[in-house]
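Here is a friendly note to read alongside the model. Please keep the viewer open and find each residue as you go.

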Amino acid sequence: MSFPGRAQELFGKNDASSKKNQTKRLDSFYYEEGDDGDDNSNKNNNNINNNVNNNTKKNKHKLAALFLIALSLENTASMLARRYAVGILQLDFSKNVVLCVNEFLKLLFSLGMKYRKTDIKSFARLKTHIFERVVKTATPMLVPAFVYLVVNLISYPSLQRVDASVFTAISNLKVLATAIFAQILLNSRISNRVWRTLTQLVLGVTLISWESSPNNPVIHKRVHQNWYEHISDMFDLSYAFGVFLALVQTMLSGFGSVYFEKVLKKRTKEDEEENLGKKLDVESPSSASLAKSSSPFSSSTELDVWDRNIQLALCSILIYVPISIYETKGNLFQGWTFLVIVIAALHALGGILVALSVLYSSSVTKTVAVCAALVLTTVFGHILFFEPLNGPILLGCAMVIISVWAYKDDAYVEAKLRSAGFVV
């Protein structure tokens, strides 16, 4: 790929000079005077290590792309299924029971994947691992479980006070909220280029949501009222409280996504440090390292993505089961059909894909993929359910597509700049 202007100079000249400097530093670090006979073998080993690292990065990028595309498709299918069940068939079922069943399905799937791992050979060892490692360290996952509960609860009083279009427009700010918390909690560096792209993405999604809102009299009145009537509405305490709840819901949603990423990727960083320690202990392993390697459940690094999913599912089940029983008075599956079962299964699949997408990319990238799914939902909603698809909606879809492509291109350019030693 060619880069215009200053970027071409940076990638052309500095890549060559940085490679020479890196080669000199490696030579001075690994080789001493009189070791010229080992230069060829050392260079071959370095080339092999570089090839392995490059292949690992390529495989990681491929997995990230696969999970993000799958998440977009799942989100589209889930949204269409819910619209058909609630909007057309008008099925009456408990949403909390659906969330509870979704967590049970996630739990069963994660347990099955954990059992298939090579280090878990029997149900006895799996049981020991779950109770000794997973359950006892599940406290951090109570935070996202509680956050998602609050997000679901405050959405209802907010929708009672503001229009659905206004609520959706505010909810779309979750992209920016996720980026803000990524900077705060993860110390992620987000450049001005990416901020512009994310802002354009939010505007495109908001345009689609606003134009796709139902044409009921309340929304028609608010959209077509004068500017001073909008201002007077903001002094309405009920309306202002609804907007405030929508903003809180958006901020909590972004915080929950980033917090989950922080807990999930903590294990990856510890693994890298542990692998580095193993390389340093090859020549003279210490007694501490030998004791550490001999204990099967002594390291917190054994908590992988499936363990975290099990923890989150257990915490969510503890929250949703009593709420579901109280809401339905014991009739948990009243109004359930095969379509509702499919919706619960899609929710569970979405939870698994969210965890894998965050693990191999980031919470911000995951949110961008979910926004991209809105384009597919809008197009298929028009084809299947004759939902509106006018000029402003098509313009919003074009803005979303361009923003997603620009986000991908920005990530590639900035990765090249960082690898060349530049701060972006």
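1. **Start at Phe-181.** With a relative accessible area of 16%, Phe-181 is buried, because the cut-off for that word is under 20%. This is a predicted model, so please read every value here as computed from predicted atoms. You will find Phe-181 in helix 7, which covers residues 174–185.

2. **Who surrounds Phe-181?** Leaving aside residues up to four places away in sequence, Phe-181 touches Leu-186, Met-251, Gly-254, Phe-255 and Val-258. Now look for Ser-257: along the chain, Ser-257 and Phe-181 are 76 residues apart, yet 8.9 Å separates their C-alpha atoms.

3. **The whole protein.** Now zoom out. The secondary structure consists of 16 helices and 0 strands. There are 424 residues in the protein, and 40% of them are buried. If you take the contacts between residues at least 6 apart in sequence, 84% of them join residues at least 24 apart. The accessible surface is about 24500 Å², and carbon and sulfur atoms account for 63% of that area.

4. **Glu-261, a charged residue to check.** Is Glu-261 buried or exposed? Its relative accessible area is 5%, so Glu-261 counts as buried. The residue sits in helix 11, which runs over residues 237–280. Its side chain and that of Ser-363 are joined by a polar contact of 2.6 Å. Ser-363 is also one of the residues that Glu-261 touches beyond four places in sequence; Leu-186, Val-358, Ser-361 and Ser-362 are among them too. You have met Leu-186 before, as a residue touched by Phe-181.

5. **A nonpolar patch on the surface.** Please colour Ile-69, Leu-73, Leu-376, Val-379, Phe-380, Ile-383 and Leu-384. Together they form a nonpolar surface patch with about 620 Å² of accessible area. Which helices each supply at least two residues of the patch? They are helix 2 (39–88) and helix 15 (363–385). Helix 15 gives the largest share, with 5 residues. One patch member in helix 15 is Leu-384, and its relative accessibility is 49%, so Leu-384 counts as partly exposed.

6. **Helix 16, a length check.** Here is a small calculation to follow. Helix 16 has 29 residues (391–419), and at 1.5 Å a residue it should span 42 Å. The end C-alpha atoms are 42 Å apart, so the expected span and the model agree.

7. **Helix 16, its ends and its buried residues.** At the start of helix 16, a side-chain oxygen of Asn-390 comes to within 3.1 Å of the backbone nitrogen of Ile-393. Just after the helix, Gly-421 has a positive phi of about 95°. In between, the buried residues of helix 16 include Ile-393, Gly-396, Cys-397, Val-400 and Ser-403. Tyr-407, Asp-410, Val-413, Glu-414 and Leu-417 are buried in this helix as well.

8. **Salt bridges, starting with Asp-304 and Lys-114.** Searching the whole structure gives 8 salt bridges. In one of them, the side chains of Asp-304 and Lys-114 meet at 3.2 Å, N to O. This pair links distant parts of the chain, 190 residues apart: Asp-304 is in the loop between helix 12 (287–294) and helix 13 (305–328), while Lys-114 is in helix 3 (residues 95–116). Both partners are buried, as the relative accessible area is 6% for Asp-304 and 1% for Lys-114.

9. **Glu-414 and Arg-193.** Another salt bridge brings together the side chains of Glu-414 and Arg-193, at 4.0 Å from N to O. Here too distant parts of the chain are linked: Glu-414 belongs to helix 16 and Arg-193 to helix 8 (residues 192–211), with their positions 221 residues apart. At 5% relative accessible area Glu-414 is buried, whereas Arg-193, at 35%, is partly exposed. As for networks, Lys-114, Asp-304 and Asp-307 are joined into one by salt bridges that share partners.

10. **Lys-136 and Glu-132.** For a last salt bridge, look at Lys-136 and Glu-132, where the closest N and O atoms are 3.4 Å apart. Lys-136 counts as exposed at 59% relative accessibility, and Glu-132 counts as partly exposed at 42%.

Terms used:
Residues are numbered from 1 along each chain as its sequence is written. This is a predicted model: local features need pLDDT of at least 70, side-chain atom pairs count only at pLDDT 80 or more; totals for chains, interfaces and linings use all residues. Side-chain values use heavy atoms; hydrogens and water are left out. Helices (H or I, at least four residues) and strands (E, at least two) are DSSP runs, numbered from the N terminus. Buried means under 20% relative accessible area, exposed over 50%, partly exposed in between (1.4 Å probe, protein chains only). Contact means heavy atoms within 4.5 Å. Accessible areas come from the Shrake-Rupley method with a 1.4 Å probe; for residues, only the protein chains shown count as cover. A polar contact is a pair of N or O atoms within 3.5 Å; within protein, one must be able to donate a hydrogen and the other to accept it, and residues adjacent in sequence count only if both atoms are side-chain atoms. Patches are made of residues with over 30% relative accessible area and no salt bridge: like charges are joined within 9 Å, nonpolar side chains (Val, Leu, Ile, Met, Phe, Trp, Tyr) within 5 Å. The expected span of a helix is 1.5 Å times one less than its number of residues.
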